Amino acid sequence: MTKKKKILRRKHDPFFRYIYAIPANTRTLLRLAQRKNAELRRMLFSVDMDSLQLIPGSFSNVKEWGQSDLAFKARIKGGPEIFVGILLEHKSYRESDVLSQIYRYTFEVMQNKGATDFGWLPTKAIIIYNGQSGWDPLAEFRIKYRGQFNGRELPFECVLVNLADIPDAACLKEPNVEAAVGALVMKHAFDADGLRSIVDKLTEMLSRLENGARATLAEKIVVYLNEYLDEEVVEELRMRMSIGQALGIKTAGDRLRAAERAAVRRGRKRGLAQGLEQGIEQGIEQERKKNEAASLARDAKMAEYLRSIGVSDENVSTMLAIK
């Protein structure tokens, strides 16, 4: 029996903060979200998004961790001295007290410290949701309290953005790769088939990044979202972001790991069909024997290629050791 992974619900939030603590990435995310979200377009219509600034230290001294998510301030269009607060609160699961959380953040975080008259920033809160099912805490609030209030029901503006409503196609052609990859991966975090269907395009997007940025982002995806993503997708991302892929070729190690994964899948099916658990081990052993003879030849070919582009023998040996 396959043992279920223990889900650590905290891990989506730090990944979200890692990507969107950068104002340019938040601008991209909200621009993508506005395509199908009229309420978000209305909320941000008067905001100069180019003036977006992260409120530093508002939630945590480390941008990936903290008690909540991200806070920004931005100018109102046509009013250079008029600022509003933009709060991004990320949720991967339904939380009944999310509006209460935002209420607290509105008064604890959205402070206009440079102001001499009003010491607070009018808040525009955006709940970013990437959960498994539809959820709208604002609709639930209005149903529960309908008729009990006159005028606006909440002491802040609030809009829900469901990442499921952002089209994959829009993300795949987005020039801001980091922001778009973040949205895609979180959108499909609970949807293994959906993510597997775009993994080729996802790795193509990652390949557009500089080597260091690409490796860092790929590793963040694995570290923060490993509990949620399909194991084969995680391994595929790791393989494609390997040093061999950075050079545009697959290493012997890449090929061997891919063959072993394929053998596991075939072996598992064979074992289930025959009622024999040995099917998995037999499949792996067959593939290993098949690839063992070819491994030396591939290493030689890779060494020849690396030397042809000016890599020293010492570095060739180091690269060949990384499999």
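What percentage of contacts in the protein between residues at least 6 apart in sequence join residues at least 24 apart? The figure is 66%, where contact means heavy atoms within 4.5 Å. The model is predicted, so local features need pLDDT of at least 70 and side-chain atom pairs count only at pLDDT 80 or more, while totals for chains, interfaces and linings use all residues. Residues are numbered from 1 along each chain as its sequence is written, and side-chain values use heavy atoms, with hydrogens and water left out.

**View 1. Overall content of the predicted model.** The secondary structure comes to 15 helices and 5 strands. Helices (H or I, at least four residues) and strands (E, at least two) are DSSP runs, numbered from the N terminus. Of the 323 residues, 46% count as buried. Buried means under 20% relative accessible area, exposed means over 50%, and partly exposed lies in between, with a 1.4 Å probe and protein chains only.

**View 2. Helices H7 and H9.** Helix H7 spans residues 177–187 and helix H9 residues 199–206; their axes come within 10 Å and cross at roughly 155°. This makes H7 roughly antiparallel to H9. Angles under 35 degrees count as roughly parallel, over 145 as roughly antiparallel, 65 to 115 as roughly perpendicular and the rest as oblique. Axes here are lines fitted to C-alpha atoms, for helices over the stretch in contact, and angles run from 0 to 180 degrees between N-to-C directions. The crossing of H7 and H9 is left-handed, a term for a near helix turned anticlockwise from the far one by less than a right angle, with clockwise giving right-handed. From H7, Val177, Ala180, Val181, Leu184 and Val185 meet Leu202, Met205 and Leu206 of H9. The residues of this contact divide into 8 nonpolar, no polar and no charged. Ala, Val, Leu, Ile, Met, Phe, Trp, Tyr, Cys and Pro count as nonpolar, Asp, Glu, Lys and Arg as charged, and the others, Gly among them, as polar.

**View 3. The aromatic pair Tyr93 and Phe190.** The structure holds 3 aromatic pairs. One of them, Tyr93 with Phe190, is edge-to-face, at 5.7 Å centre to centre and 80° between the planes. Tyr93 lies in the loop between strand S3 (79–91) and helix H4 (98–108), and Phe190 in the loop between H7 and helix H8 (192–197), so the pair ties together parts that are 97 residues apart in sequence. Rings of Phe, Tyr and Trp (its six-membered ring) pair if their centres lie within 6.5 Å; planes under 30 degrees apart count as stacked, over 60 as edge-to-face and the rest as tilted. Tyr93 is buried at 14% relative accessibility, whereas Phe190 is partly exposed at 23%.

**View 4. Ala189 in the loop between H7 and H8.** Ala189 belongs to this loop and is buried, with a relative accessible area of 1%. Its C-alpha atom is 9.4 Å from that of Ser92, and the two residues are 97 apart in sequence.

**View 5. Val47 and Leu54 in strand S1.** Val47 is placed in S1 (residues 47–54), and Leu54 is found in S1 as well. Val47 is buried at 2% relative accessible area; Leu54 is partly exposed at 33%. Apart from neighbours within four places in sequence, Val47 is in contact with Ala74, Arg75, Ile76, Lys77, Val84 and Lys124. The C-alpha atoms of Val47 and Ile76 are separated by 4.7 Å, with their positions 29 residues apart along the chain counted as their separation. With the neighbours within four places again left aside, Leu54 is in contact with Ala21, Pro23, Leu70, Ala71 and Phe72.

**View 6. Tyr20 in helix H1.** Tyr20 lies in H1 (residues 12–20) and is buried, with a relative accessible area of 1%. Not counting residues up to four places away in sequence, Tyr20 touches Asn25, Thr26, Leu29, Leu70, Phe72, Ala179, Gly182 and Ala183.
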